[in-house]
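Biologist: I should like to learn how to read this model feature by feature. Might we begin with its overall division?

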Amino acid sequence: DSIYDYIIVGAGLFGAVFTQQAVKAGKKCLIIDKRRQIGGNLYTENIDSINVHKYGAHIFHTSNREIWNYINQFADFNNFINSPLANYNGKLYNLPFNMNTFYQLWGTQTPLEAKAKIAEQCKKYDYITHPANLEEHALKMCGDDIYNTFIKGYTEKQWGRRATELPSFIIKRIPLRFVYNNNYFNDTYQGIPVGGYTPIIESMIKGAEVQINTDYFENKTYFDSLAPKMIFTGRIDEFFDFKFGKLEYRSLHFEHERLEINDFQGNAVVNYNEFDVPFTRIIEHKHFEFGTQPFTIVSKEFPNEYSKDSEPYYPVNDERNHTILGKYKELAKAYGNISFGGRLAQYAYFDMDDTIEAALEVARKEFKFIK
Ligand code: FDA
């Protein structure tokens, strides 16, 4: 007989939600993670009372009441509303694109004026019927000023390629809001867990055995022998030994810095949209929890090429990768005792609410209840 009912590879959000449900169903679980800590990309580290989002800013938002109620069992959420700023050539603008942004760009004051201005800017690009790349696509949708100020440099930094070489589907639509509203997300519920995300993951996996610093692939046969069923949230290409090739990623690196001033930028998130500024944003963590410390911690976020020493962050959604992914998914079907879940095993970008929903769905199939 096996020691455990389930082995869960990866103590990120997906693995933790599944584990919580499994323990609740009375199952014996072992959850392992190759990192030095649990939490996956949600991991927050409490540094002198400021919860630092070590793998990038995480703001919880959802319109799904069931998911909101679920996550609220594990933390109190504050009323943080994400309203990032954009810095371009030393001037600040509100995001997402709304009446404040249009006023700052052009001085337009009413929705009618702003719409007329945008229509005038787009007219020049009416001749583009089938945009061949991201640049043409964006110019057609919003014209020169919005494109050049906010989209071009930022996107080129993010993807490490010129906008004329990027496929147009990276930006499906450009949301333009004709009200004075800087709330970045359209969702009904939004907030930051008081105390950070790590305690949420800790309470989710309570009752399971946990091993960190433990890479599944270094001892695969052993881990396979421990339980009849597995939840795998690592990379799907790695699971199959990269036999159809590596799935590509864009990566990020963060430079964290403590400053002996109480406030650096007066906002949690400020984007830097010029191409020549090498980072895409600066996060000031204390503002997520309305901190009043006499010092502050800021993180600069630099996009870069993925290498084996960096973290895989964003899947590259192009044809080559999709074809390869399809082949791995086909192989995965033969593994009835393994559920491949989460952003790495699905090779997709999922927000936290989507991740929870997907993990609950797997649990529901296994245990036929949800609490
Ligand atoms: P995650 O990557 O967190 O966990 C997988 C775990 O598996 C990792 O801990 C990894 O170490 C482990 N692992 C992998 N291979 C292994 C192996 N071989 N052996 C053992 N362990 C292994 N969402 C949102 O709703 N609001 C937001 O503001 C943001 N912000 C944001 C910013 C940035 C920069 C990114 C990249 C993403 C976001 N997200 C987000 C998305 C959010 O990060 C995402 O929904 C969850 O982290 C997904 O959780 P997973 O468990 O799927 O992956």
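Modeller: Domain bounds come from an automatic or database domain assignment. Here the assignment gives the protein chain domain 1 (6-80 + 188-246 + 316-367) and domain 2 (96-170). The centres of domain 1 and domain 2, taken over C-alpha atoms, are 36 Å apart.

Biologist: What confidence does the protein chain average?

Modeller: This is a predicted model, in which local features need pLDDT of at least 70 and side-chain atom pairs count only at pLDDT 80 or more, while totals for chains, interfaces and linings use all residues. Residues are numbered from 1 along each chain as its sequence is written. The term pLDDT is the predictor's confidence in each residue, from 0 to 100. The protein chain averages 96, and 99% of the residues score at least 70. The model scores ipTM 0.99 and pTM 0.96.

Biologist: Which residues of strand 1 are buried?

Modeller: In a regular strand the side chains alternate between the two faces of the sheet. Helices (H or I, at least four residues) and strands (E, at least two) are DSSP runs, numbered from the N terminus. A residue is buried if 20 or more other C-beta atoms, placed from the backbone, lie within 10 Å of its own. In strand 1 (residues 6-9), Tyr6 and Ile8 on one side are buried, as are Ile7 and Val9 on the other, and both faces are covered.

Biologist: How many bridges join strand 1 to strand 2, and how many join strand 1 to strand 10?

Modeller: Two strands pair if DSSP finds at least two bridges between them. Strand 1 runs parallel to strand 2 (residues 29-32), with four bridges; the bridge partner of valine 9 there is isoleucine 32. Between these strands the chain passes through helix 1 (residues 13-24), in a right-handed β-α-β crossover. That hand means that, with the strands pointing away from the viewer, the path from the first strand over the helix to the second runs clockwise. Strand 1 is also parallel to strand 10 (residues 229-232), again through four bridges, and tyrosine 6 stands opposite lysine 229.

Biologist: Why is one side of strand 7 and of strand 15 left without a neighbour in the sheet?

Modeller: An open sheet of seven strands has the order 7-6-12-13-14-11-15, with mixed pairing. Strand 7 (91-94) and strand 15 (314-315) stand at its edges with a single partner strand each, so one side of each has no neighbour in the sheet. Within this sheet, strand 6 (residues 85-88) runs parallel to strand 12 (residues 269-272) through three bridges, and asparagine 87 has tyrosine 272 as its bridge partner.

Conventions. A residue is buried if 20 or more other C-beta atoms lie within 10 Å of its own, exposed if 12 or fewer, and partly exposed in between; C-beta atoms are placed from the backbone.
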